[in-house]
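Me: Could you take a close look at one part of this structure for me? I would enjoy a connected walk through a single strand and its surroundings.

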Amino acid sequence: MSRADELGTNLAAVRDRIAAACAAAGRGAEEVSLTVVTKFFPASDVRLLADLGVTDVGENRFQETERKVAECADLSLTWHFIGGLQSNKAAAVARTVQVVESVDRAKLVRPLASGAEQAGRTLEVLVQVSLDPPGAGHRSGVEPAGVLELAGLVAATDGLRLAGLMAVAPLGEEPAAAFERLADVRAGLLAEHPEATRLSAGMSGDLEQAIAAGATHVRVGSAVLGSRPPVG
Ligand SMILES: *Cc1c(COP(=O)(O)O)cnc(C)c1O
């Protein structure tokens, strides 16, 4: 099977899963968009995916993102940055992608806004919420209690558009339970920012649970591209 056939088959299976999950949740299949996470895979795969109708791709490391965006400059893709952000790279990330999903602290807001200004466009921003239990060691994402303050700062900043929330289900817990907490956080955000409707949640292993909890965007890597190298 060619790589194009393999990606096409996998993509069709993921689209079927999304459609089935939407039907089970009483939602329309058009309510959920797919971002294919292409981290660790070459730009040639991104190109094949674009041919297969993929419009949104996700990356989590800046240098890899920068290289692939350049290699795919002729394609009209929307690039999502979904990885941990260093504040000294934030402006460069904002110049490179259209959506940053992993904004988890106030310190990133200024550099993201100046990167967006340099690029001459508005950057779509998602606030990443931590769903880890209190007291967990390493966590990415702002605590649920800090979401409104960070979201308010993003919404008040020129050059940034507060689009919604992003989260990853923690290890060692049923994703459905974690996504229920996420749905509560989102309801609180929508009460203050009704325009921030995007909810990016759900990956290869838990997209069904995320869609049941209201996800509007799922981020799927391995179910489309195959397994990644174990490191990173
Ligand atoms: C890698 C990654 C994904 C995709 O994970 P898969 O399990 O391969 O689908 C989604 N979201 C984030 C934040 C990631 O880093």
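Reply: Happy to; here is a look at strand β6 and its partners, followed by a glutamate elsewhere in the chain. Please keep in mind that this is a predicted model.

Strand β6 covers residues 160-166, and 6 of its 7 residues are buried, so the strand is mostly covered by the definition of under 20% relative accessible area. Strand β5, residues 123-128, pairs with β6 in the parallel sense, over 6 bridges. Within that pairing, Val 127 has Leu 165 of β6 as its bridge partner. Strand β7, residues 198-200, also runs parallel to β6, and 3 bridges join these two. Here Met 166 is matched with Ser 200 of β7. Helix α7, residues 175-192, belongs to this picture too: β6, α7 and β7 form a right-handed β-α-β unit.

Now for the glutamate. Glu 59 is part of strand β2, which spans residues 56-59. Its relative accessible area is 0%, and because buried means under 20%, Glu 59 counts as buried. The side chain of Glu 59 has a polar contact with the side chain of Lys 68, at 2.8 Å. Leaving aside residues up to four places away in sequence, Glu 59 touches several others, including Thr 38, Lys 39, Thr 65, Trp 79, His 80 and Phe 81.

One more charged residue deserves a glance: Arg 61 sits over the face of Phe 40, 4.3 Å from the ring centre. As for pairs of aromatic rings, the count is 0.

Technical notes: Residues numbered from 1 in each chain as written. Predicted model: local features only at pLDDT ≥ 70, side-chain atom pairs only at ≥ 80, totals over all residues. Heavy atoms only, no water. Helix = DSSP H or I, 4+ residues; strand = E, 2+ residues; numbered from the N terminus. Buried < 20%, exposed > 50% of the residue type's maximum accessible area, 1.4 Å probe, protein only. Polar contact = N/O pair within 3.5 Å; in protein donor to acceptor, adjacent residues only side chain to side chain. Contact = heavy atoms within 4.5 Å. Phe/Tyr/Trp six-rings, centres within 6.5 Å; stacked < 30°, edge-to-face > 60°. Lys NZ or Arg CZ within 6 Å of the ring centre and 35° of its normal. Pairing = 2+ DSSP bridges. Right-handed = clockwise from strand over helix to strand, strands pointing away.
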